[in-house]
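Colleague: I would like to take a close look at one part of this model, namely how its pieces meet one another. Could you walk me through it slowly, as you would for a first-year student?

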Amino acid sequence: MRKYIVPDTIAISDSGFLFMPSTGETFNLNKIGKEIFQMLQKGGTEEEVFKYILDEYDIDKSSFEKDFSDFVAQLQKYTLIKEE
Amino acid sequence: MEKVKKRYERPIITKHYSGLMNKYGSRNISSPKSEIDGVLVKELVEKYDSPLFVMSEKKIRENQRNAYRIFKNRYPNVQFAWSYKTNYLDAVCSIFHQENSWAEVVSEFEYNKARKLGVKGSNIIFNGPYKSKPALLKAIKEEARIHIDHFDELYDLIELSETNGQKAKVAIRVNMDVGVYPKWDRFGFNYENGEAWQAIRRILSSKNLHLIGLHTHIGTYIMSAEAYRVAASKLAALAKSIRQEYNILLEYIDMGGGFASHNTLIGQYLPAEEVIPSLEQFADAIASGLFELPYKGEELPMLILETGRILVDDAGSLITTVIANKRLSDGRRAVIVDAGVNLLFTSFWYKHKITPAQENGFHTEDTTIYGPLCMNIDVIREGILLPPLKRGEQLVIDYTGAYNNSQWMQFISMRPNVVMIMEDGSVELIRKAETLEYVSEREIIPAKLKK
C-alpha cells in the first residue's frame, strides 16, 4: 500500500487552483487531478484512489494506472508530494 | 440499476509561469470540432480510416466565387487560373474548372493533367523555368499561353515556331523589386535592369511570336498589399512603353498569386487573422496599380490571377488519431498521432489550427505533437495547448488544403484516403489510400537478386 506525504500547508481552491506557500508557486489542477490530490493530502492510499476513480469514472484499470503514475511523477517533480 | 459513470479525463497539473511572454498565444480551443461540413469526424474515420484528408466542395466554391466577386467589383475584366501545384487532385481541379477557372501549370506533367481534365490549350497558362522542347511544341500547337522564363526558352520558342509554321502565343514573366523580402529574381526577366524590356523587344522583332500579355508573381505568403500595387504599376509602365513604341495592346496582365492565407507561420507572434491583409485590400492595390495603364475603358486588358493557397487552404482538413501519450524528459507532454510530416508538409512552416474532435475538459497542457515516423524531424507541432487526449481520440488539423496533397510523399507509411464532402452532404472518395502493390508496381528486381 503506497502512501504519499503531502505538505498540509498547500491550499487548493474549489476550482483546482493550488498554492504552495513555501515557494510561492501556483498551479492548476483539473477536476480529477484535484480529487486525487485531495485524497492523497488526507492520507488516502493509492488503492483507495484507484477504487474511487474506477467506481466513479468511465475508465478501465490499466488506462488509469498509466495516467496515475504519470500524474504522481509530475507532482513529485514539482515537490508537491513525496513517497512515504 | 447500474450506476452511470462520469466522463473520465486524465488527471493533470499545470504550473503557472508569470512574467514570461506566452508563446502559444491565446487558448484557441473553444469547442471541439466533431464534424466537418456536417459530417461526423467519428463516422468519417470509421468508414475511411485514419489519417484522412477531407476536402470541402462547398468551401472551395465559396472561396472561388468570393474572390471573383472581390476582384470583379474593382476591375472590369477578371479571369482566374487554378494553380495546379497548390492542389492537383483531379476532383479539386474539376471544381475550379466548373467555376470557370483556367489552368495554371508549371510542368509538362501538370500541362497533361489539365488537358486530361478537358481544359483546352488556350485556357492553359504554361509557366515555370523548365519546359522541354516537346512540351513547348505541344503547347504552341494547342495554342496555350506560354509564359517565358528566360532567354534560352525565348530562343527555343522562336526556333520551334519557325520550323513548325505556327505562331506561339507568349507572355513574359517579369521579376521586380516591390519592397518585400525575399526579392524573387530567379524567375523571369528583371524589370529594373532592363532585361524585361530587352526580352519584349526580342519577342516583338520576331515574326513567329505573338506577345499577348505580361506576367509577374512577386512571391509567396505576401503580407503586404502595397507590394501588389507597386508590381501592377510596374507592369502598367511596361505596357505603356509597348503601346508607345509598337502600338500594341496587350490581351492581359497576369498578377500571379501569393496572397497570404490565414495560416499562422512558425515564428509569427500574432495569429494570421490579425496581421494578414484581406483579399479586398490585395484587390484594391492591384486595381489601383492597373488603372495607371494608358488604356481606355474597353481596351483594358484582362486581369489574370493565379492565386492558389488562399482559395483552397481552408477547404482542407486532416483528421488524425492519437496513438500514444508520452512524457518528455523536461516534463512536457507529448502525443504521437498517426499523421506525419510526410503527409503534412506545411507543418514545417505553419502553426496549423489543431482542434480535438471530441468534448474535453477546460484544462490544457503544453503538448508536443509527434507524427508516427521513426524520424526525429517528424514533429507536427513543437508546442500547443491541448486538453488531455486519450488513445484513439481524434484531432482535426485545419487549413491543410494547399500544397499538402501535392507535396506529400510516400515515406515509411502509405498515403491515406482523401475524401470530399460534397455540397449535398454526401461523402465521396477522391483518392484511394495507397497499397503495397501500388508502391511496388514501378520496381524491378534484377533476375540474379531473385530467390
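Modeller: What follows goes through a sheet shared by two chains and then through the contact between two domains.

Please keep in mind that this is a predicted model, and that chain A has a mean pLDDT of 90, with 99% of its residues at 70 or more. Within chain A, confidence is highest in helix H2 (residues 46-56), at a mean of 94, and lowest in strand E5 (residues 82-83), at 84.

The sheet is an open one, made of four strands in the order E2(A)-E3(A)-E4(A)-E1(B), and the pairing is antiparallel. Strand E2 (11-12) of chain A and strand E1 (13-15) of chain B are at the edges, and because each has a single partner strand, one side of each is left without a neighbour in the sheet. Where the two chains join, strand E4 (residues 25-29) of chain A pairs with E1(B) over three bridges in the antiparallel sense, and A:Asn28 stands opposite B:Thr14 of E1(B).

Chain B is itself divided into domain 1 (35-55 + 315-436) and domain 2 (57-313), whose C-alpha centres lie 33 Å apart. Their contact takes 21 residues from domain 1 of chain B and 22 residues from domain 2 of chain B. On the side of domain 1 that touches domain 2, at least two residues each come from strand E17 (350-351), helix H12 (404-407), strand E22 (418-421) and strand E23 (427-431) of chain B. The largest share of that side, three residues, is supplied by E22(B), and by class the side has twelve nonpolar, five polar and four charged residues.

Definitions and conventions
Residues numbered from 1 in each chain as written. Chains lettered and ligands numbered in written order. Predicted model: local features only at pLDDT ≥ 70, side-chain atom pairs only at ≥ 80, totals over all residues. Domains from an automatic or database assignment. Contact = placed C-beta atoms within 7 Å. Nonpolar A, V, L, I, M, F, W, Y, C, P; charged D, E, K, R; others polar. pLDDT = per-residue confidence, 0-100. Pairing = 2+ DSSP bridges.
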